[in-house]
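Work through these exercises with the structure open beside you. Try each task before you read its solution.

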Amino acid sequence: MRLIRALVLALVSAVVAFVATYIVVVRPRLRAWGFDPAEGELPLPGDELVSEPNTIETRGVTIEAPVAKVWPYLVQMGFGRAGWYSYEVLDSKVKGAETVVPELQSLEEGDVMPISPGGGGFVVKTLDFEQALVLYTDAAIARAQAEEAVAEADPGSPMAGMKMNSSSFPEFAASWAFYLKGTDDGKTRLIERFRARTPGSGPATAVLGEVMGTGIVLMTRKQMLGIKERAERAEMAGGEQSTISAASDIPAETSAAI
């Protein structure tokens, strides 16, 4: 019994130490990455889409390339398109495009940027050329996309004949804004803002919000640095021929999905 008690106490102590280290050391540095208080207060397109959000994350990064070199990487995002420039293993298990793909530059308001093979994803709500791209989803959109995927599934597919349970789509809403601002010295400030309203309250929801917020910071940090790297590489290469890839440059998996 003493051995078991000692092991339990050691485990509890380790967990407490980990949580304390995260709260005191890791969390402040992580959540501060890319955060500018002035940008956090800046009204951005898409703010009106989610009322009373319980999660708001605003991050920015300076890209040493003009807006015209950054914008194409935003337009071509999405599963089966150029990817999300983040952790591909989590996003789609397909490596994202490293260059601008001409075939993926056509995007309009109302289009869907897919996040999965089933075609579900964020709806394009705002498309302001070389300035703002706002994506949005909510429970109603997710439910409709799931029902459409089931209806269009092949007879032999596991999704064929499935019935959607409305309770599996808790009420939520989320907007994801990408805003580009040119600087006087020819650089670009890329600002991302994620606003979400999720159901529930209490300690469990607070913990979920903390986990969700940390995940958003990690994913968007990787994404923003991925866009920065690609745009700056294109700017350094110089010339349109260096920044625009041929269709053969698209990863094989992505080409098959287009």
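**Exercise 1: Glu 98 and its partners**

Glu 98 has a relative accessibility of 27%, so Glu 98 counts as partly exposed. Keep in mind that this is a predicted model.

Task: Find which residues are linked with Glu 98 in a network of salt bridges.

Solution.
- Step 1. Start with Arg 230. Glu 98 forms a salt bridge with Arg 230, and the closest N and O atoms are 3.2 Å apart.
- Step 2. Place both ends. Glu 98 sits in the loop between α4 (88-91) and β2 (112-114), and Arg 230 sits in helix α6, so this pair ties together parts 132 residues apart in sequence.
- Step 3. Check the cover on Arg 230. Its relative accessible area is 5%, and buried means under 20%, so Arg 230 is buried.
- Step 4. Turn to Arg 233. The side chains of Glu 98 and Arg 233 also meet in a salt bridge, at 3.3 Å from N to O.
- Step 5. Place this pair too. Arg 233 lies in helix α6 and Glu 98 in the loop between α4 and β2, so parts 135 residues apart in sequence are tied together.
- Step 6. Check the cover on Arg 233. With a relative accessible area of 35%, Arg 233 is partly exposed.
- Step 7. Put the network together. Its members are Glu 98, Glu 229, Arg 230 and Arg 233.

**Exercise 2: A buried pair**

Task: Decide whether Asp 47 and Arg 193 are buried or exposed, and say what parts they tie together.

Solution.
- Step 1. Count the bridges. The structure holds 10 salt bridges.
- Step 2. Pick one of them. Asp 47 pairs with Arg 193, with the closest N and O atoms 2.9 Å apart.
- Step 3. Place the ends. Asp 47 is in the loop between α2 (37-41) and β1, while Arg 193 is in strand β6, so the pair ties together parts 146 residues apart in sequence.
- Step 4. Judge the cover. Both Asp 47 and Arg 193 are buried.

**Exercise 3: The nonpolar core**

Task: Find which element supplies the largest share of the largest nonpolar core.

Solution.
- Step 1. Size the core. The largest nonpolar core has 34 residues, and those with the most contacts inside it include Ile 63, Leu 74 and Ile 227.
- Step 2. List suppliers. Elements giving at least two residues each include β1 (55-63), α3 (67-75) and α6 (203-237).
- Step 3. Find the largest share. Six residues come from α3.
- Step 4. Check the cover on α3. Seven of its nine residues are buried, among them Val 70, Tyr 73 and Leu 74.
- Step 5. Follow Ile 227. Beyond its neighbours within four places in sequence, Ile 227 is in contact with residues including Val 70, Tyr 73 and Leu 74.

Technical notes
Residues numbered from 1 in each chain as written. Predicted model: local features only at pLDDT ≥ 70, side-chain atom pairs only at ≥ 80, totals over all residues. Heavy atoms only, no water. Core = buried A, V, L, I, M, F, W, Y, C linked by side-chain atoms within 4.5 Å. Buried < 20%, exposed > 50% of the residue type's maximum accessible area, 1.4 Å probe, protein only. Helix = DSSP H or I, 4+ residues; strand = E, 2+ residues; numbered from the N terminus. Contact = heavy atoms within 4.5 Å. Salt bridge = Lys/Arg side-chain N within 4 Å of Asp/Glu carboxyl O.
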